[in-house]
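Me: Could you walk me through this structure with a few questions and answers? I am new to reading structures, so please take it step by step.

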Amino acid sequence: MPPTRQPSTGSGMTENSMGDKTRRLVEAMAAYSRDDVERFGELLLADDVVWHWSGRSSMSGEYRGAEAALELVRGFRELTGNQLLIEPIDVLEGDDHLMSFTHVTADKPGEHLDVIMTDAMRFGPDGKVEEFWTLSNDQAAVDAFIG
Amino acid sequence: MAHPNVELLQRFLDAYADGDREALEGLLSPDAVWHVGGTNRLSGDYRGRDAILEYFDTVQRETDGTLTLHPVEVLANDRRGAVFLRVTAEREGRMLDVAMAEAFLFAGDGSVQEFWAHAADQAAVDGFWDDGEQYG
């Protein structure tokens, strides 16, 4: 099971001072780390979510609907097996949006990934994500790892 | 009261809207890096303030100054920022209108160190910039 930590702004943010969107993301990531991708989806994703995966890898593109999005999430999990470590660095939460920065390390035979990944989200009125972007400041490294 | 880095991002967006090259220069760290996503001919990493300003110049020249940022939400803390926005532009009779998510890393001295972004419809962005027939 990949270890995960609570997101933090690094400025003393505690669970009590988290916004609703950050709290929901933390719950969803806890489910993800238990390998409960279904629960991750129930907590976080609107039925008609659109997930944009950046870059030029086999995963890059647009995934429409919660089922397609969960296939993407499962695919990324399978690719990295249990060798995926997601370490939250920063969360920025606004009225309708959230951006999360994580330090992601992953291993697969002969390959090592060590990048900052960025997940950007637009939340709908029911508190779930309607639009999701996954990108990195080193997209080439992410693309090379995914293949 | 807005975080100082929210104000920094707003100044940046205003300077971009006004085409204020001098103000933009002051808001970019000398060794800033701009990661421009997608697979079009402008995609890639621009390293250093001068290369980034030149990229901005190219974008404005090619769109005849029509490229406009419409910020929806601006977020920041001491180190990082996010801008959610719509981008509209016109080039050679083609229209662009896409939602984007942009991430910023601050240098810590009131300037931007690093930028990366992704459009909701990256294919539309790539087609807008490229002239290949595959995009119609």
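Reply: What follows is a short set of questions and answers about this predicted model.

Me: Happy to start with helices. How do α1(A) and α2(A) run relative to each other, roughly parallel, roughly antiparallel, roughly perpendicular or oblique?

Reply: Two packed helices are described by the angle between their axes and the distance between the axes. Here helix α1 (residues 20-33) and helix α2 (residues 37-44) of chain A have axes 7 Å apart and an angle of about 170°. Angles over 145 degrees count as roughly antiparallel. Therefore α1(A) and α2(A) are roughly antiparallel.

Me: Which class of residue, nonpolar, polar or charged, has 8 members in the contact of α1(A) with α2(A)?

Reply: From α1(A), the contact takes R24(A), L25(A), E27(A), A28(A), A31(A) and Y32(A). On the side of α2(A) are V37(A), R39(A), F40(A), L43(A) and L44(A). Of these residues, 3 are charged and none is polar, and the class with 8 members is nonpolar.

Me: Now the next pair. How is α2(A) oriented relative to α3(A)?

Reply: Helix α3 spans residues 66-80 of chain A, and its axis lies 10 Å from that of α2(A). The angle between the two is about 135°. That value falls between 115 and 145 degrees, so it belongs to neither the roughly perpendicular nor the roughly antiparallel group. This makes the orientation of α2(A) to α3(A) oblique.

Me: Is the crossing of α2(A) and α3(A) left-handed or right-handed?

Reply: The helices meet through V37(A), F40(A) and G41(A) of α2(A) and through residues of α3(A) including L70(A) and V73(A). For the pair α1(A) and α2(A), the crossing is left-handed. For α2(A) and α3(A), the crossing is right-handed.

Me: Let's turn to chain B. How wide is the arc covered by the buried residues of α4(B)?

Reply: Helix α4 (residues 122-129) of chain B has Q122(B), V125(B), D126(B), F128(B) and W129(B) as its buried residues. They lie on the same side of α4(B), because the arc they cover around the axis is only 160°.

Me: Which strands do those buried residues of α4(B) pack against?

Reply: The strands concerned belong to chain B. They are β4 (80-91), β5 (94-106) and β6 (112-119).

Me: Last one: how many residues of chain B are in contact with chain A?

Reply: On the side of chain B that touches chain A, β3 (68-76), β4, β5 and β6 each supply at least two residues. By class, that side has 8 nonpolar, 5 polar and 5 charged residues. Chain A brings 21 residues to the contact, and the number from chain B is 18.

Key: Residues numbered from 1 in each chain as written. Chains lettered and ligands numbered in written order. Predicted model: local features only at pLDDT ≥ 70, side-chain atom pairs only at ≥ 80, totals over all residues. Axes fitted to C-alpha atoms, helices over the stretch in contact; angles between N-to-C directions. Helix = DSSP H or I, 4+ residues; strand = E, 2+ residues; numbered from the N terminus. Parallel < 35°, antiparallel > 145°, perpendicular 65-115°, else oblique. Left-handed = near helix turned anticlockwise from the far one by under 90°. Contact = placed C-beta atoms within 7 Å. Nonpolar A, V, L, I, M, F, W, Y, C, P; charged D, E, K, R; others polar. Buried ≥ 20, exposed ≤ 12 C-beta atoms within 10 Å, placed from the backbone. Arc of directions from axis to C-beta.
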